[in-house]
Amino acid sequence: MSKIDYDDDDDDSDTSSFSSYNDQFEDEPRFKYQRIGGELSNCLKRDKMSKLINTNKLLILGTFSGRVYIFDHSGAQITSVHYHAKKINDMSLDSTQDMLATASEDGQIIICNIYTGEKVNHTYLKPMYSVALSATYKEEAIFSCGGLQKQLVVNTPFWFSTKDTIIHGGEGPIYAISWCGPFIAWANDLGVKVYDYQKKERVTFIGRNQTIPASLYKCTLCWKNEKTLIIGWANSVKIGLVKQRPHPKTLQPQTYIQIIAMFDTDFIIAGIAPYDEDNLICLAYLLATDDDDDDDDDESGSSSNDDDDEQQQQEA
């Protein structure tokens with residue numbers, strides 16, 4: 001868990017006086033851990049999880065085989081469906097948490113009611129990496145999606161069918177989408193962009209670390225609220241605040257996002273979310289360090305020496 005610190009004060013006084021205290025008394029754990037039992041563990045032995053959504057009542061798993069499993073928090077399986085032929089890359093719920101959208105490598109966006117099973121298919125020509133339902137999808141049936149087709153699309157009802165409106169394209173695959181209130185944020189090869197769907201105007205562009213290939217590590221986007229966007233990409237975290245220009249210039253949008261905090265981590269960010277007012281919680285992927293490699297070399301070296309000694313004793 002990372003704390004957001006806006007204070008640049010480097011005062012290190014009295015640090016040593018607290019070191020012995022910290023050695024004796026550790027902070028009380030913030031979380032209580034309990035292994036989930038039931039059928040969940042057996043499910044993960046048969047299939048690999050590619051996406052997870054946790055609600056107040058349910059755990060929703062998307063898998064490499066294209067299945068969706070729904071469990072309660074005790075691990076008891078409620079239902080499962082197999083709508084996709086390939087891996088599920090992303091999932092999204094509306095505000096009612098009744099409607100579930102899945103995006104898959106098979107080019108399908110499937111939206112279903114998790115309680116009634118009623119579903120709608122949307123077929124695209126290339127793998128879909130991301131999907132986001134509008135909060136009011138159950139009433140308006142609007143969603144956004146993107147993927148290897150390299151276009152951010154908003155799908156809306158049209159007569160007796162639906163239509164796709166291309167919001168943006170031409171800057172690489174759409175790796176992630178997050179929709180909160182009027183704002184749609186998405187990530188492509190160049191960075192993160194934000195669009196105001198109500199005003200039908202682009203809000204801002206936030207560049208990324210160009211030294212790391214965009215496709216190597218998945219970008220994670222999360223809205224804390226309608227005013228605060230959290231971005232986790234590789235080992236970098238950025239936090240943006242939605243603001244209004246009092247006197248925008250010609251062709252300049254009134255709304256923009258100001259980066260109010262940014263920092264690097266010593267791990268790869270696989271997931272990120274707000275924990276409280278001052279902290280973020282991250283799902284971390286730890287990379288191997290040089291020390292780990294040295295330890296492995298020492299172990300392999302010692303084992304080979306033991307084998308040599310044993311062989312010499314046998315020859316003698």
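**View 1. Cysteines without disulfides.** A search of the whole structure, a predicted model, finds zero disulfides. A disulfide would be a covalent bond between the sulfur atoms of two cysteines. Two cysteines are picked out in this view. Cys112 has a relative accessibility of 8% and therefore counts as buried, the cut-off being under 20%. Cys219 is at 2% relative accessibility, so Cys219 counts as buried too. Cys112 falls within strand 8, which spans residues 108-113.

**View 2. The protein chain as a whole.** Four helices and 23 strands make up the secondary structure elements of the protein chain. The chain has 316 residues, and 40% of them count as buried. Take the contacts between residues at least 6 apart in sequence: 39% of these join residues at least 24 apart. The accessible surface comes to about 19100 Å². Carbon and sulfur atoms account for 48% of that surface.

**View 3. The open sheet of strands 2 to 5.** Four strands form this open sheet, in the order 2-3-4-5. The pairing is antiparallel. Strand 2 (49-54) and strand 5 (77-82) stand at the edges. Each has a single partner strand, so one side of each is left without a neighbour in the sheet. Neighbouring strands are turned by 15 degrees against each other on average, direction ignored. Inside the order, strand 3 (residues 58-63) pairs with strand 4 (residues 67-72). Five bridges link strand 3 and strand 4, in the antiparallel sense. One of the bridge pairs sets Leu61 against Tyr69 of strand 4.

**View 4. The hairpin of strands 8 and 9.** Strand 8 (residues 108-113) and strand 9 (residues 119-123) run antiparallel. Five bridges join them. Ile109 stands opposite His122 in strand 9. The two strands form a hairpin with five residues between them. Gly117 sits in the turn and has a positive phi of about 85 degrees. Buried Cys112, from View 1, also belongs to this view.

**View 5. The open sheet of strands 14 to 17.** This open sheet has four strands, ordered 14-15-16-17, and its pairing is antiparallel. Strand 14 (176-180) and strand 17 (201-207) are the edge strands, and each pairs on one side only. On average, neighbouring strands are turned by 15 degrees against each other, direction ignored. Strand 16 (residues 191-196) meets strand 17 over six bridges, in the antiparallel sense. Glycine faces glycine in one of the bridge pairs: the partner of Gly191 is Gly207 in strand 17. Strands of a sheet pair through backbone hydrogen bonds, either parallel or antiparallel.

**View 6. Asp276 and its surroundings.** Asp276 lies in the loop between strand 22 (268-274) and strand 23 (279-285). Asp276 is partly exposed, with a relative accessible area of 30%. Its side chain reaches two backbone nitrogens. That of Asp278 is at 3.0 Å. That of Asn279 is at 2.8 Å. Leaving aside neighbours within four places in sequence, Asp276 is in contact with Arg30 and Lys224. Asp276 and Lys224 are 52 residues apart in sequence. In space, their C-alpha atoms are 9.7 Å apart.

Key:
Residues are numbered from 1 along each chain as its sequence is written. This is a predicted model: local features need pLDDT of at least 70, side-chain atom pairs count only at pLDDT 80 or more; totals for chains, interfaces and linings use all residues. Side-chain values use heavy atoms; hydrogens and water are left out. Two strands pair if DSSP finds at least two bridges between them. Axes are lines fitted to C-alpha atoms, for helices over the stretch in contact, and angles run from 0 to 180 degrees between N-to-C directions. Buried means under 20% relative accessible area, exposed over 50%, partly exposed in between (1.4 Å probe, protein chains only). Contact means heavy atoms within 4.5 Å. Accessible areas come from the Shrake-Rupley method with a 1.4 Å probe; for residues, only the protein chains shown count as cover. A disulfide is a pair of cysteine sulfur atoms within 2.5 Å. A polar contact is a pair of N or O atoms within 3.5 Å; within protein, one must be able to donate a hydrogen and the other to accept it, and residues adjacent in sequence count only if both atoms are side-chain atoms.
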